[in-house]
Amino acid sequence: MRIRPIEISLFILSVLGVLFGLMFLSEKGGVQKEQTQDDGFSFEGISLKYPAYTTFLGLDKDQDSSLTRQDILKVTEIVKPLEIEMSNSKNDIALTKEIKQLPDFSKIDTTQLIRIKYPSDNPDFANELRKKLSSRSCRIIHYGDSQIEGDRITAYLRNRLQHMYGGSGPGFLPILPVYRQISALIEPSENWERFAYFDPTKKKFSHKKYGAYLSASRFTPYQKIRPDSLALDSLPLIKASVTIGKSKKTYAKFRRFTKIGLHYGNANSPIKVSVYNDDVLIQQDTLIADGRYHHYKIRTSTTPTNLKIEFEGKVSADFYGLTLDGGSRVQIDNVAMRGASGTIFTSTNAATYSRMVRSLDPKIVIMQYGGNTMPYLKDSTDVDKYAKRVASQVNWIRRRAKKSSFIFIGPTDMCLPVNGKMETYPMLPYLNAKLMETCLSNNVAYWSMYDAMGGKGSMELWVDEKLTAKDYMHFTWKGTKIISELFFTALYLDLKKPDKNDNA
């Protein structure tokens, strides 16, 4: 049988017609996995990746291609971040003096800055921040997800504010660090174990007493049932220690601390504590064994060069961490919670959290969340529910930290692969807007990191400039300094006294 050319052409056209018609069955984002999103459709449980006609014909108007490299360079060139003073050299002393004179608004186009939004029903919010930062003692707790891990962002802001208002020291550090940080040297003995309420790989304390930093370290295993007196007598004495020193790789301000706080709770049997500096015993006590939260204070006239805290007991307390402060003015605690979305505060033990936060007495609480929950928000209803949960967390903390002002830093731009191209999560702009609306209606200031980066589609360009890592989420050290300086400058504009605003 001879097939004519016209029949071959009609067959090809019909096949192409069917293939094109299938595009109308395909939906944008119809095939979704945890970290990817592709056009396609599903039939009887089987998913098929297939381009939608709008993608094939280039009809999608809502693309992330409106931003250019020049747009991102303009964002990153608005401010000039500071470098770390790596030693105590004369150059670092000169740099420290210069820091007090910045920022130089004659070289900053403040019209391009993304400003902090304040609640309309609290016009005195910025003035309250100024008064608190200028007070004799202003502790700030910076809660966040892995975006602030390793003291990133927090350290930069701490250095800036301590130079502006006074203060020194790195603030909170866990006894057993689980991530690299440069703010101070912490060397625990090998028998410590860290328990974090936000860590899904660890068994949770049944009593849920994790304190204000939501984690604890122990030198003996956690047991749900407390040993009785007979069982306690049969247990051996266990020794553990932690050594604290100054880091030569951090900001000069952090290398000065004379007020060391040891925060602990759930101690139900005697624990001897001995404090040494350069192997000389300077303090010795027995921790209070009443099961409640306590703040054990260590005072030194100068920054210790080699401070060692030794513990000896049969059953460990829950040690919530150390605070290394300069004694007065501004201290900022970095509380990084990898994988967290900022929605676990209300389920911790309220009494322990309350007692610890009263002792710390924070004047300002910064919360930085949203990134970890983004992949799981499928529609506006999910976003609305998450925003309500955030509001409930803020109000729960506020009832316990009654003197605190709250600032919320929203998520970065975030991307996922869509048909092989990195695009901003579809619900991210709405999440940012909803979080802002929710915060402002709950007397919480809001700074949009998403907009500060450049908005939709900016993350891919930040990656291209090596300002964020190739996970399209976390800032590199260079990017961290830029985004931190953008936030600080926005804050500084609002902290300046009215008679100094002429050049702003």
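This report describes the fold, the sheets, the helix packing and the nonpolar cores of one predicted protein model.

## Basis of the description

Because the model is predicted, local features are given only at pLDDT of at least 70 and side-chain atom pairs only at pLDDT 80 or more, whereas totals for chains, interfaces and linings use all residues. Residues are numbered from 1 along each chain as its sequence is written, and side-chain values use heavy atoms, with hydrogens and water left out.

## Overall make-up

The protein chain has 13 helices and 21 strands, where helices (H or I, at least four residues) and strands (E, at least two) are DSSP runs numbered from the N terminus. Of its 504 residues, 54% are buried; buried means under 20% relative accessible area, exposed means over 50%, and partly exposed lies in between, with a 1.4 Å probe and protein chains only.

Among the contacts (heavy atoms within 4.5 Å) with a separation of 6 or more, 76% join residues 24 or more positions apart. The chain exposes about 24000 Å², of which carbon and sulfur atoms supply 53%; accessible areas come from the Shrake-Rupley method with a 1.4 Å probe, and for residues only the protein chains shown count as cover.

## The parallel sheet and its helices

Strands 16, 4, 17, 18 and 21 form an open sheet in the order 16-4-17-18-21, with parallel pairing; two strands are said to pair if DSSP finds at least two bridges between them. Strand 16 and strand 21 (444–447) are the edge strands, each pairing on one side only, and the twist averages 20 degrees from one strand to the next. At one end of the order, strand 18 (residues 405–409) pairs with strand 21 over four parallel bridges, and I409 has W447 in strand 21 as its bridge partner.

Helix 9 lies across strand 4 (137–144), strand 17 (362–368), strand 18 and strand 21, and runs at about 150 degrees to strand 18. Helix 13 (residues 477–495) lies across strand 18 and strand 21, running at about 135 degrees to strand 21. Axes here are lines fitted to C-alpha atoms, for helices over the stretch in contact, and angles run from 0 to 180 degrees between N-to-C directions.

## Helix 8, helix 9 and the largest core

The axes of helix 8 and helix 9 come within 9 Å and cross at roughly 60 degrees, and the two helices are therefore oblique to each other; angles under 35 degrees count as roughly parallel, over 145 as roughly antiparallel, 65 to 115 as roughly perpendicular and the rest as oblique. At their meeting point, A350, Y353, S354 and V357 in helix 8 meet W396, I397 and R400 in helix 9.

The largest nonpolar core, a set of buried Ala, Val, Leu, Ile, Met, Phe, Trp, Tyr and Cys residues joined through side-chain atoms within 4.5 Å, has 52 residues, and Y143, F345, Y353, M367, Y369, I397 and F408 touch the most other members. Helix 9 (residues 380–400) gives the largest share of this core, seven residues. Apart from it lies another core of 50 residues, among them I332, M449, L467 and F475.

F345 sits in the loop between strand 16 (329–336) and helix 8 (350–360), and F345 is buried, with a relative accessible area of 0%. Residues up to four places away in sequence aside, F345 touches partners including Y143, Y353, M367 and W396. F345 and Q393 are 48 residues apart in sequence, but their C-alpha atoms are 6.1 Å apart in space.

## The antiparallel strands

A second group of five strands forms an open sheet in the order 6-9-14-11-12, with antiparallel pairing. Its edge strands are strand 6 (185–188) and strand 12 (280–286), and neighbouring strands are turned by 15 degrees against each other on average, direction ignored. Strand 9 (residues 238–245) and strand 14 (residues 307–313) pair over seven antiparallel bridges, and A240 has F311 in strand 14 as its bridge partner.

Strand 10 (residues 259–265) pairs with strand 13 in the antiparallel sense over six bridges, with G261 opposite K297. Along strand 13 (residues 294–299), H294, Y296 and I298 point to one face and are buried, while H295, K297 and R299 point to the other and are not.

## Two loop residues with positive phi

D151 has a positive phi of about 70 degrees although it is not a glycine; D151 lies in the loop between strand 4 and helix 6 (154–165) and counts as buried at 7% relative accessibility. N443, also not a glycine, has a positive phi near 60 degrees; N443 lies in the loop between helix 10 (428–440) and strand 21, and is partly exposed, with a relative accessible area of 30%.
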